[in-house]
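Dear colleague,

Please find below the structure that I am handing over to you. I would be grateful if you would look through it before reading my notes.

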Amino acid sequence: MTHPVNQAETKDKWAEQFPTNTVINELIQLKERSSEPLYCKPCQTKGNLNNPASFWCKTMNENFCDTCKVQLHDIIHNECGILNVTENHSKRTNKEKSAPRCYTHDKKMVRYCEDHKLLCCYECVIEDHMNCAKVPKVTEYFQKINTASQLEDMQAALKKGAESMNSLVKDFDEQLRTMKQNQEIALQSISDLRQKVDKRLDKLQKNITDELITLFKEEKRDMEASSRQCERLMNGMKNTLKSSKILVQSDEHQLL
């Protein structure tokens, strides 16, 4: 069981905190590369990726087919110790070719410290692992754990861990899909609520507007009626004044 280093981080960052078993990775790579087929490097450069190699130059650490050996390699390295890998396959130093290099000393890591669970070069052994109980050669340690089926157990554990991580990733993906669906539902609910509110406000505005228009018409009608009544009264008063003037003039004439 491995716990995240910083649980405050989001879950999608937890996997980045899990420790990597570099020893197992390097041993697996070493095992895989030891059985790799050899292809001609110049031919691969030209685009022919699967042309088998017949020779290996230790100085250049490259493979050559018969043609490239004569036309390319022998012109420059005619005195180097090139090996015929088809006849001397057992002599080819796969160990030297495949061994990972030390990050501190840039030397091939050919020893494994069982106390510290680390691959190391000879300089690392002298500097840091002189007091360690067991620092065998990588090939010896690899043969040991391979014989004891430890590598298969580790590979099975790694496979199980990968399956668990795959299941965890699927769970996260499902949660993300659910979150997205919930978000879409929430946004649609907000949109529906907005439409209902807009519809209600439109109806309320129409009712208030209609009521105001009706009140305005009634008020206008009453004011117009009052205005006409005032005009009639004014006209009556004018007529009465005119009649009174005529009557006064008529009485004065009779007196004369």
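The notes below go from the overall layout to the interior and then to the surface.

Please bear in mind that this is a predicted model. The protein chain contains 8 helices and 5 strands. Read from the N terminus, the order of these elements is α-α-α-β-β-α-β-α-β-β-α-α-α. Of the 256 residues in the chain, 20% are buried. When contacts between residues at least 6 apart in sequence are considered, 38% of them join residues at least 24 apart.

As for the interior, the largest nonpolar core has 13 residues, and the members that touch the most others are C102, L119, C120, C124 and V135. Strands β4 (111-113) and β5 (118-120), together with helices α6 (122-128) and α7 (138-147), each contribute at least two residues to this core. Leaving aside residues up to four places away in sequence, C102 touches K107, M109, C121 and C124. There is also a second, separate core of 6 residues, with C40, C57, C65 and C68 among them.

Turning to the surface, the protein chain exposes about 20,000 Å², of which carbon and sulfur atoms supply 54%. A nonpolar patch lies there, formed by L193, V197, L201, L204, I208, L212 and L215, with a combined accessible area of about 630 Å². One of these residues, V197, belongs to helix α8 (residues 150-255). Is V197 buried, partly exposed or exposed? Its relative accessible area is 37%, so V197 counts as partly exposed. In soluble globular proteins, by comparison, nonpolar side chains tend to be buried together.

With kind regards

Technical notes. Residues numbered from 1 in each chain as written. Predicted model: local features only at pLDDT ≥ 70, side-chain atom pairs only at ≥ 80, totals over all residues. Heavy atoms only, no water. Helix = DSSP H or I, 4+ residues; strand = E, 2+ residues; numbered from the N terminus. Buried < 20%, exposed > 50% of the residue type's maximum accessible area, 1.4 Å probe, protein only. Contact = heavy atoms within 4.5 Å. Areas by Shrake-Rupley, 256 points an atom, 1.4 Å probe, with all protein chains shown as cover. Patch = residues over 30% accessible without salt bridge, like charges linked within 9 Å, V, L, I, M, F, W, Y side chains within 5 Å. Salt bridge = Lys/Arg side-chain N within 4 Å of Asp/Glu carboxyl O. Core = buried A, V, L, I, M, F, W, Y, C linked by side-chain atoms within 4.5 Å.
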